[in-house]
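Reader: Could you walk me through the reasoning behind some of the labels used for this structure? I would like to see how each call is made.

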Amino acid sequence: MKKHTATVSTRSPIVVNVYRGPMVECQHRVNAVVSDASGNILKQWGDIEKPVYLRSAIKLLQALPLIETGAADAFALSDKELSLSCASHTGEPVHVAAVTAWLERMGLTLDALECGAHWPTFPAAAYALAADGKKPTAAHNNCSGKHAGFLATALHLGEDLKGYIHLDHPVQKRLVKILEDFTDLDLTEAPVGIDGCSIPTLGIPLSGAALAIARFANPESLSDERAAACRRLQNAIATEPEMIAGSDRLCTALNRSAKGAVVAKTGAEGVYLAALPNLGLGVAVKNIDGTTRGAEVALGQILQDLGVMTEEMHREIDAFVQPVQKNWNNITVGHMNVQAD
């Protein structure tokens, strides 16, 4: 395996211009790369070798042990639950109910989740919870489905359920091994931070991230068991896109409209990963300033350039990837566009 190193690319990043009236009011600079499953770089913008915390964008790979260990079958997980295991959901009733029922079926309570609690990120769900005089639980945490998957795997393998969020727990060791397998990197010296949901997040260069998600998209070089797990997750997300994010979210709109041609996942601080199974490619995007909107616009342009955008996809996702800027009075005040070498 290659040693984890960081070099500097000389290519210019994608520039996302934000207009107010006729003038560019601000700009986002986005590093991005398109790779195939052999590691061949088809396109790149900016520094693709600097380590990046991929945050929740890596959940597509973090859910693989749930299937590979046999836990998914042992607990009879549906496509809805498999999609939820990859989710950064909005805390809507459908998500909370699914997580709660999944835990109950395993004989666990919400106390087993070590992700913490926060208010639903979908405003209507948060308002409804507050109007009922209730407070959010760990099930409302956007990562609760992923954590339910971690618990399912540990429970199935007879491992200690306590402390599964720590780097030295078998759950996390499996995830690091998967990241090394998919990126061809030795991550023993990679930067390690703590994610919002309390699990470790490792610094991985965008080139490695794109390779990893390309292998998820085209798993033919992987073992039969792992390839089947990748395809099963792809199908679950395409079948149940509402579970991976929720209302008014690009992840749900893109996965729903792409019908399996794109399997995409966002992460905090302006990260996006997209698997393109029909083309066998992976796309990794990082908005340097950490805002989501710049990453979404850049991803939309890359998908357009790769020829995967259909009319249905445009109808569903243009509000995210070609957004019109409006004020609180619903007056159009500007727009966004992409400038890339």
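Author: Happy to! Let's start with an aspartate: Asp181 has a relative accessibility of 26%. Do bear in mind that this is a predicted model.

Reader: Why does Asp181 count as partly exposed?

Author: Buried requires under 20% and exposed requires over 50%. Asp181, at 26%, falls in between, so it counts as partly exposed.

Reader: What makes Arg226 count as buried or exposed?

Author: Here the relative accessibility is 14%. That is under the 20% limit, so Arg226 is called buried.

Reader: How do you know that Asp181 and Arg226 meet in a salt bridge?

Author: The cut-off is a side-chain nitrogen of Lys or Arg within 4 Å of a carboxyl oxygen of Asp or Glu. For Asp181 and Arg226 the N to O distance is 3.0 Å, so the pair qualifies. This pair links distant parts of the chain, with Asp181 in helix α8 and Arg226 in helix α10, 45 residues apart.

Reader: Which other residue does Arg226 form a salt bridge with?

Author: Glu68, with the closest N and O atoms 2.6 Å apart. Glu68 sits in helix α2 and Arg226 in helix α10, so this bridge ties together parts that are 158 residues apart in sequence. Both Glu68 and Arg226 are buried. There is a wider network of salt bridges too, linking Glu68, Lys177, Asp181 and Arg226. In total, the structure holds 12 salt bridges.

Reader: What makes Glu242 and Arg256 a salt bridge?

Author: Their closest N and O atoms are 3.0 Å apart. With the limit at 4 Å, the pair therefore passes. Glu242 belongs to helix α11 and Arg256 to helix α12, so the bridge joins parts 14 residues apart in sequence.

Reader: Are Glu242 and Arg256 buried or partly exposed?

Author: Glu242 has a relative accessible area of 34%, which makes it partly exposed. Arg256 comes out at 32% and is partly exposed as well.

Reader: Why is α12 described as largely enclosed?

Author: Eight of its nine residues are buried, so the rest of the structure largely encloses this helix. The buried set is Leu250, Cys251, Thr252, Ala253, Leu254, Asn255, Ser257 and Ala258.

Reader: What covers the buried residues of α12?

Author: The cover includes helices α10, α11, α13 and α14, together with strands β9 and β10. Just after α12, Lys259 takes a positive phi of about 55 degrees.

Reader: Is Gly300 buried or exposed, and where is it found?

Author: Gly300 is found in helix α13. Its relative accessible area is 6%, under the 20% limit, so it is buried. From Gly300 to Val262 the C-alpha to C-alpha distance is 11 Å, and the two are 38 residues apart in sequence.

Reader: How many disulfides does a search of the whole structure find?

Author: Zero. Take Cys86: the nearest cysteine sulfur, that of Cys230, is 10 Å away. A disulfide needs the two sulfur atoms within 2.5 Å, so Cys86 is in none. Cys86 is also buried, as its relative accessible area is 0%.

Reader: Why is there no bond between Cys115 and Cys197?

Author: Cys197 holds the closest cysteine sulfur to that of Cys115, yet the distance is 6.9 Å, too far for a bond. Cys115 has a relative accessibility of 4%, so it counts as buried.

How values were computed. Residues are numbered from 1 along each chain as its sequence is written. This is a predicted model: local features need pLDDT of at least 70, side-chain atom pairs count only at pLDDT 80 or more; totals for chains, interfaces and linings use all residues. Side-chain values use heavy atoms; hydrogens and water are left out. Helices (H or I, at least four residues) and strands (E, at least two) are DSSP runs, numbered from the N terminus. Buried means under 20% relative accessible area, exposed over 50%, partly exposed in between (1.4 Å probe, protein chains only). Contact means heavy atoms within 4.5 Å.
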